Amino acid sequence: MHIVLGALSAIAGLIWALVALQRSGFNPASLNPFLWYRRSQWRKKYGTHPLYNLDDPMDVAAVLILGTAKCEGEISTEQKRTVLEMFEQEFKLDNDAAADLLLASAHLIRDDVYLLDRLDKILATSCKQFSQAQAASTLAMMTRIGTLESPLNEEQRKLIAATEKFFENAFRRQPQWAPESRQ
């Protein structure tokens with residue numbers, strides 16, 4: 001009889017401890033390693049700054065163009081108008097879509113004064129989607145917006161040179177020959 005009472009006491013103590021842990025905020029499901037992995041991947045993807053998750057070359061190019069204009073300080077109305085014209089001509093967007101892209105890019109870099117420090121993070125996700133023509137066009141637009149009102153300042157030169165170097169390294173690492181599919 002004393003064995004049965006001991007077993008019942010142990011079960012009651014275990015249940016009491018689990019209820020007390022649950023009331024204090026501990027969730028036994030958090031011990032699941034698969035759930036932990038999914039949550040860590042979710043945090044990694046959606047917990048970072050949205051600027052580092054851009055995968056469309058057009059979005060990244062817009063951010064870099066606007067960042068080049070912002071290196072001089074606040075963006076003037078002439079620069080905004082020129083950026084909108086470039087978005088319409090180069091990206092083949094209508095007026096509303098170009099304005100939306102400008103607004104989204106301005107929102108993404110509103111807190112980042114100096115994009116050069118984070119250029120690798122900004123381009124990391126999208127560098128494989130860029131073609132050489134798109135990279136050259138991005139660099140040309142960055143130079144055009146930088147020289148719109150005055151010659152390039154030191155920050156703009158550094159940003160354009162770092163972007164050019166990043167693209168050169170990215171295209172150098174790509175294989176020259178794609179593997180043939182064998183049947």
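# A tour from the pocket to the core

Start at the largest pocket, whose lining takes at least two residues from each of α3 and α7. The coordinates are those of a predicted model.

**Stop 1: the pocket.** Select P57, M58, A61, E90, F91, F130, A133, Q134, S137, T138 and M141, which line the largest pocket. Its volume is about 150 Å³. Helix α7 gives the largest share of this lining, five residues. Sorted by class, the lining holds seven nonpolar, three polar and one charged residues.

**Stop 2: the rings.** Keep F91 from the pocket lining and add F87. These two rings form a stacked aromatic pair, with 5.4 Å from centre to centre and 20° between the planes. Which of the two categories, buried or exposed, does F91 fall into? F91 has a relative accessible area of 15%, and the cut-off for buried is under 20%, so F91 counts as buried. F87 is buried too, at 0%.

Now return to F130, another residue of the pocket lining, and select F166, F167 and F171 with it. Ring pairs join these four into a cluster. Over the whole structure, a search gives five aromatic pairs.

**Stop 3: the loop after α4.** Select K92, in the loop between α4 and α5. Its phi is near 55°, a positive value in a residue that is not glycine. Most residues other than glycine have a negative phi. K92 is exposed, with a relative accessible area of 68%.

Move on to D96, which sits in helix α5. D96 is exposed as well, at 57% relative accessibility. Draw a distance from its C-alpha to that of L84: the two residues are twelve apart in sequence and 9.7 Å apart in space.

**Stop 4: the nonpolar core.** Which residues of the largest nonpolar core touch the most other members? Select L51, I65, F87 and L123; the core has 38 residues, and these four have that place among them. Then colour the helices α3 (57-70), α4 (77-90), α5 (95-108), α6 (119-124), α7 (132-146) and α8 (154-173), each of which supplies at least two core residues. The largest share, eight residues, comes from α3.

Centre the view on L51 and show what surrounds it. Leaving out residues up to four places away in sequence, L51 touches V63, L108, I109, D112, L115 and I122.

**Stop 5: two buried polar side chains.** Select S126, in the loop between α6 and α7. Is this loop residue buried or exposed? S126 counts as buried, because its relative accessibility is 0% and buried means under 20%. Beyond its neighbours within four places in sequence, S126 is in contact with L54, D55 and V60.

Finish at T163, in helix α8. T163 is also buried, at 0% relative accessibility. Residues up to four places away in sequence aside, T163 touches L64, L119, L123, L139 and M142. One of these contacts, L123, was selected at the previous stop as a core residue.

For a last distance, pick the C-alpha atoms of T163 and V19. They are separated by 56 Å, and the two residues lie 144 apart along the chain.

Technical notes. Residues are numbered from 1 along each chain as its sequence is written. This is a predicted model: local features need pLDDT of at least 70, side-chain atom pairs count only at pLDDT 80 or more; totals for chains, interfaces and linings use all residues. Side-chain values use heavy atoms; hydrogens and water are left out. A nonpolar core is a set of buried Ala, Val, Leu, Ile, Met, Phe, Trp, Tyr and Cys residues joined through side-chain atoms within 4.5 Å. Buried means under 20% relative accessible area, exposed over 50%, partly exposed in between (1.4 Å probe, protein chains only). Helices (H or I, at least four residues) and strands (E, at least two) are DSSP runs, numbered from the N terminus. Contact means heavy atoms within 4.5 Å. Rings of Phe, Tyr and Trp (its six-membered ring) pair if their centres lie within 6.5 Å; planes under 30 degrees apart count as stacked, over 60 as edge-to-face and the rest as tilted. On a 1 Å grid over the protein atoms alone, a cavity is a set of points where a 1.4 Å probe fits but cannot get out, and a pocket is an open set with protein on both sides within 12 Å along at least five of seven lines; lining residues have an atom within 4 Å of a point. Grid points are joined across faces, edges and corners, and a volume is the space filled by probe spheres set on the points. Ala, Val, Leu, Ile, Met, Phe, Trp, Tyr, Cys and Pro count as nonpolar, Asp, Glu, Lys and Arg as charged, and the others, Gly among them, as polar.
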